[in-house]
Amino acid sequence: MAATAGPVTSAGAESAADARAQAERAAAVVTALEPQVARALAQYDAALQLVGRATGSRISAEAFADASGEVADARRRAAHQRVRALYMSGGPVALWASVLDAGTGTDALRRVADVEHVVSSADRADALVADEAGALRGAVTDADAGVAAAQAGAAQVEARLGALDALLEQSQQALAGLSARAGRLATAEAAAAVLRAQELAAAAVQAARVSRAQAWPVPASWSALYRGAASTCPGLPWAVLAAIGQVETGHGRTSAVSSAGAMGPMQFMPATFAAYGVDGDGDGRAEITDPADSVYSAAHYLCANGGGRGSGALANAIWHYNHADWYVAMVLRIAERLAADPSLVP
């Protein structure tokens, strides 16, 4: 009996040591991945923020430039009105001609001084207006460049999410390989708690960013395309097409080829466009980069996947457009806001 007990005790002690070693190795994997997960989560958060805001910075700059341009025009009109008030026929030549009508030398000198002051004031006003207009339009150009460089499209968000999921999967695999005994150890349970917290943080980031996704004004030409394309699929809301256009490329502003190979304003994969592409502008060709063809093809694709058959089918159709829950939620959120605010759509 003593001979039998010895090996059992030894085996039991060895099993406990193995369990501890397993738990420590898995915990080390989770710990080593923590800073990488934190960076990936921050990058995912930033990408979601950008795609939710879409082209807000550019639109704000453009609106400011337009409003300031109106003020500049008013200043120019006021300056010229002052010139006309001095001499009814208006213009610098006529003003200088008025000097010839002076009755005395003193009167002529006074008129010369008046004319020089008014004309130079008008010239300065025109120069300032031109400088202001140039600076404001430059700000719009800079904003456009910033949007093009920084705006996240759906493909970029998916890339960030993929990187985050890959890191979380490594932690999951390390913990999933533990024996039941190792998994019950405090070291393993602490590592599992870290992983759960990371997963919850990712879910919370997604929920928060989707809930705050902003709908921005739709350019008139794009509004017409979205409405026209939606009419080809009874039951398909035009605002869903507009929301997809905003999320994908900011209504065509950043329609470069994605890292996954998607192209055009509505970011179709070439194979998908080959199957579902339609001629939206009636020119006899269906081109993936053409705005009308791209938008009408998006309507066709959504419709083929049930986009006109009610809310549940619509969500499923959007999921077919991009196989991501965050994408479906964000598109529906932006579409809801577009439909509720007439000021956003011409």
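What share of the contacts in the protein with a separation of 6 or more is accounted for by residues 24 or more positions apart? In this predicted model, such residues account for 69% of those contacts, and the legends below go from the whole fold to one pocket.

**View 1. The fold of the predicted model is built from helices and holds no strands.** The secondary structure comes to 13 helices and 0 strands, so that, read from the N terminus on, the elements run α-α-α-α-α-α-α-α-α-α-α-α-α.

**View 2. Surface and interior of the protein.** Of the 346 residues in the protein, 39% are buried, a term used here for residues with under 20% relative accessible area. The protein exposes about 17,300 Å², and carbon and sulfur atoms supply 59% of that exposed area.

**View 3. The largest pocket and the residues closest to its centre.** The largest pocket has a volume of about 320 Å³. Its lining is made up of 16 residues, and those closest to the centre of the pocket are A262, Q267, M269, Y321 and N322.

**View 4. Helices that contribute to the lining of the largest pocket.** Two elements, helix 5 (154–176) and helix 12 (311–321), each give two or more residues to this lining. The largest share, 3 residues, comes from helix 5.

**View 5. The chemical classes found in the lining of the largest pocket.** When the lining residues are sorted by class, 8 are nonpolar and 6 are polar, while the remaining 2 residues are charged.

Methods: Residues numbered from 1 in each chain as written. Predicted model: local features only at pLDDT ≥ 70, side-chain atom pairs only at ≥ 80, totals over all residues. Heavy atoms only, no water. 1 Å grid on protein atoms, 1.4 Å probe; cavity = no way out; pocket = protein on both sides within 12 Å on 5 of 7 lines; lining within 4 Å. Points joined across faces, edges and corners; volume = space filled by probe spheres on them. Helix = DSSP H or I, 4+ residues; strand = E, 2+ residues; numbered from the N terminus. Nonpolar A, V, L, I, M, F, W, Y, C, P; charged D, E, K, R; others polar. Buried < 20%, exposed > 50% of the residue type's maximum accessible area, 1.4 Å probe, protein only. Contact = heavy atoms within 4.5 Å. Areas by Shrake-Rupley, 256 points an atom, 1.4 Å probe, with all protein chains shown as cover.
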